Structures are given as C-alpha cells and as structure tokens.
Amino acid sequence: MNEFFLIPQRVILAVMGFLAIANAYTMRICLSVAITEMVKKNYENATEDGDDFCPVIGDGGGEEGGGEFEWSEELQGLILSAFYWGYVVTHLPGGLLAEKFGGKYTLSLGIFSTAVFTLITPVTIEWGGSTALIILRFLEGLGEGTTFPALSALLAQWIPLKERSKLGALVFGGGLVGTILGNSISGVLLHNIDGWASVFYFFGGLGVLWFVLFVVLCYSNPESHPFISDEEKAFLKEELGSLERDKSLPPTPWRAIFTSGPMLALICAQIGHDWGFFIMVTDLPKYMSDVLRFSIKENGIYSSLPYALMWIVAILTGFLSDWCISRKFMSITAARKWFTGIAAVGPAIFIVAASYAGCERTVVVILFTIAMGIMGTFYPGMKVNPLDLSPNYAGTLMAITNGIGAITGILAPYVVGVMTPNRSISEWRLVFWIAFIIFVVTTVVYSIWASGEVQPWNTPHLMNKSVEQGDTEDEKTDGEKKSKLELTLKEEKIDKQL
C-alpha cells in the first residue's frame, strides 16, 4: 500500500503536527476574541479629550454596551489565564507518556479532549457562568498540555538533523497559523452571526476532524508505520541510527537535566519568550478592542496580521538556519543563539514603541506586526533546541521548558487585567515595558550558556557509573572515554551528511 503515498511519511507527520498545533491554538485563543463581545463594555473613566484614551471609530467598536456579562478586567484576566493552570499540569506527564508509549495517542487524545470541551463551552457558560467557564478552561488546558511534549517525541523519532530546522519551524509554526485563523475567523463569525457561540462550535468541530485524520495517517515511529516506503525507512535509519526509541535507556536523568547549563539557559529563554508571546496572544484582541476601539471585524483582522508575518518569518528563517548550518557559516549553537536573540530583542523594542504611538491606529498595527514578525526567528532558534540537546529525552525536555514557560500564561493575562483596570494607554505602556525587561534579561542568559550540541546525559547508560555502584576510577575513566568517543563518532557522521 505504501506505493500510494507519494509524499514521504515524515512530511505527512510534519503537516499533521502543524495542523495539530494550529487547531490547538485556535481553540486556545478564540475566547480572547469572543470575550470582547461577551462582556458588557463601560468606558465611564475614558475621557475623549485626553491622550490616554482613543475615540470610538468605525461601526461602533469600543462603544459602551457589548455583551450580557458584567465581568471586571481582573475577572476576565482570571478567565483567560485559567487555561494555563491545566496546561502546566500535564506537560511533564505528557512528555513521559509520549516517550514511554509513543507520541501518537498522547498527542491525539489531548487535542480531542480539548475539542470536546471547546464544543460544550456555550452551554457550560449558560449553565454556570464565569465559574463554570474557568473550570472548563482549566480542563481544556489539561488536554492541550500534552501537545508540545508529544510532538517533540514524535519529531525526534521522525526528523533527521539536516531537516530539523525547516520541518521544526513548519510544525511549531502551526501555532502562528492557528492564531491567525483563530483571530480572523472569530472576527468574521462574530460579525456575521448573532451571538458568540458559533466560534466555539466551529473550532471545536475542526479539532474533532483533525483527530480522525491523524489517528488514521500517523504513527509514533517509522518502524510501526504500515505505509512507509522501504526507501524512506532505510533513509531514516541511516540518518537517525534507529527507527525506534532506545527502550534500553535507564530512567530519565533528572539531576543531570536540571543541573545542565544549556538546559537552564533554555528554560530561562522560554520564560522570557512566553511572557511576551502570551501577553500578545491572549490580550492583543482586548487591546485592539478596549484601547484602540476597533470593531469586532477589524479586531479579528488586525489582531491576526502580526502572526501572519511571524509565520512567514519562521518558515523562511527555518530554511536559512539549516542552510547556514549545512554550509558551516554557523555552528548549531551559534544559530540557536542568534535566532533566539533576534526573536526577543526585536519584539521588545517594537511593542514598547507601539505603546508610544498612542491612538495612531495604523502606526500601532504596523509596529505590533513588525514586533511579532521578528519573533518568528524563535522557531528555528530555541524552539527546536530540546531536540539538539537530547533526542532520547526530547519529549521530557520540551515538557519541562514549555511547562515552566507556560506558568507565564497563568501570570501574564492576570497581571495585565490587574494593571489595566481603566484600559488606558499609559497602563498598557507599563505592561509592555515590563515585557521589554524580561525579554532582554532572559536573552542575555541564553546567549551566554545555551548549546546546540547533544549533551552527555542523552545516553546515561554510556556515562560513567557512580561510585556508589562500586566502580573503580579506571572503570569510570573508560566509561567517560567511551561516551566521548560515541559523541565524536556521531558528530563526524553528521558532518559528513551535512
């Protein structure tokens, strides 16, 4: 049957992984747009003759009125952050399950559960109000928390080193496409259909459809895939060394991971990136609506523009990164550091600049778009770095970095809600300055200690045994030499392939 599949199975997996993240993000952020129409607006503190508030424009965007729920800014921040409470919880279990049993069902069942919870959002709100919505969003986060760890485990089993930047950028760039579609389609649906429930039915339905296709088309590793061609299987075995994860590996080397300088640097960079990214993903539609007072249709379009550019940049720089590495213009480590640094410093500058543009709406949209476009270099930078550090434990590393980073998803929306009770430009400017500082500090740490090389603890069974196990110093030295020899041979093989 494999002759009917003209596209390589690793590309099919990458495309389905891209769609997995795209679906995950549409279901995650559609509430950020819908809530602007669900909540009653009140601008009693906004004075039209001041510089801190923008006048109403268009077909009524930002007017007093809106939806039926009287939720404060702080409560809205709590609702928007509730997703990340659950999201953090299942990251590490998701990574461990994916490594032990394979990424296929760890990923697919997580997305499926999120889709079901998205579908029942309208009836849940009508039944239990804001409290029920907070609980439901927590449950959605539980389902979606396995997404990135499971995908990392899958990519480690399917994607060879010389295709890692471009296919990794394709897969992880699904979050950007999901954000684009989530914002723009939500705006169109809310503009053309009475009520806000259609948003949740539409994206929840797409999530269920993806689940069915993924279960049929994709498998955890090349060895278990019934439709893969013999040529592709031979190619992957030559590139990856094995078509299955090494099941003889001992338990995860937690101590080595959490005392690793490159790993700690990666965690730090993830925190910095996620703080700025989650502020934009979660609260940009609110900024467009509450501060700039765009209509819901304009809000959906303008909120999606930054992520359209970000996706384009992510794909192009993915190819650029692979080209620079293969031509030896950059080492893997240098490429990861440069692209990660650009993805932090650029957005830090432009989001602050946007807050000083005041009510010059066109200028603000352009600056936000440039800021998030530059952030696209993050994907061929630190986003694929867990696969560099440890192919065997890529799912766990992604779970750790993404899980810790996602804590900012809990804090950022709530902090924004607390800091912007009046929805004024000056309040938001302080929010963006804090993001600027976090971006810069975490990038400096990553630039100093990051690495793109496979770490010795990737193969702990080749590392020297502990003194407590009774090995002699000579035996430990032999073990160290063997580990270094294995890594040297692997690096020489990669150099020849590139």
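**Close-up views of a predicted chain**

**View 1. Where confidence peaks and where it dips in this predicted model.** Helix α9 (residues 197–217) has the highest confidence in the chain, with a mean pLDDT of 95, while helix α19 (residues 473–497) has the lowest, at 46. Here pLDDT is the predictor's confidence in each residue, from 0 to 100, and helices (H or I, at least four residues) and strands (E, at least two) are DSSP runs, numbered from the N terminus. The chain average is 82, and 85% of the residues score at least 70.

**View 2. Two stretches with pLDDT below 50.** Residues 59–64 make 18 contacts in the model beyond near neighbours in sequence, a contact being heavy atoms within 4.5 Å. Residues 466–498 make 26 such contacts.

**View 3. The disulfide between C54 and C359.** Take a look at the sulfur atoms: they sit 2.1 Å apart, and a disulfide is a pair of cysteine sulfur atoms within 2.5 Å. The count by this rule is 1. The S-S torsion is about -95 degrees, so the disulfide is left-handed. C54 lies in the loop between β1 (40–41) and β2 (65–66), and C359 in the loop between α14 (332–356) and α15 (361–374), 305 residues apart.

**View 4. Accessibility of four cysteines, C54, C359, C30 and C268.** Buried means under 20% relative accessible area, exposed over 50%, partly exposed in between (1.4 Å probe, protein chains only). C54 is buried at 1%, whereas C359 is partly exposed at 26%. C30 is buried at 0%, and C268 is buried at 18%.

**Notes.** Residues are numbered from 1 along each chain as its sequence is written. In this predicted model, local features need pLDDT of at least 70, side-chain atom pairs count only at pLDDT 80 or more, and totals for chains, interfaces and linings use all residues, while side-chain values use heavy atoms, leaving out hydrogens and water.
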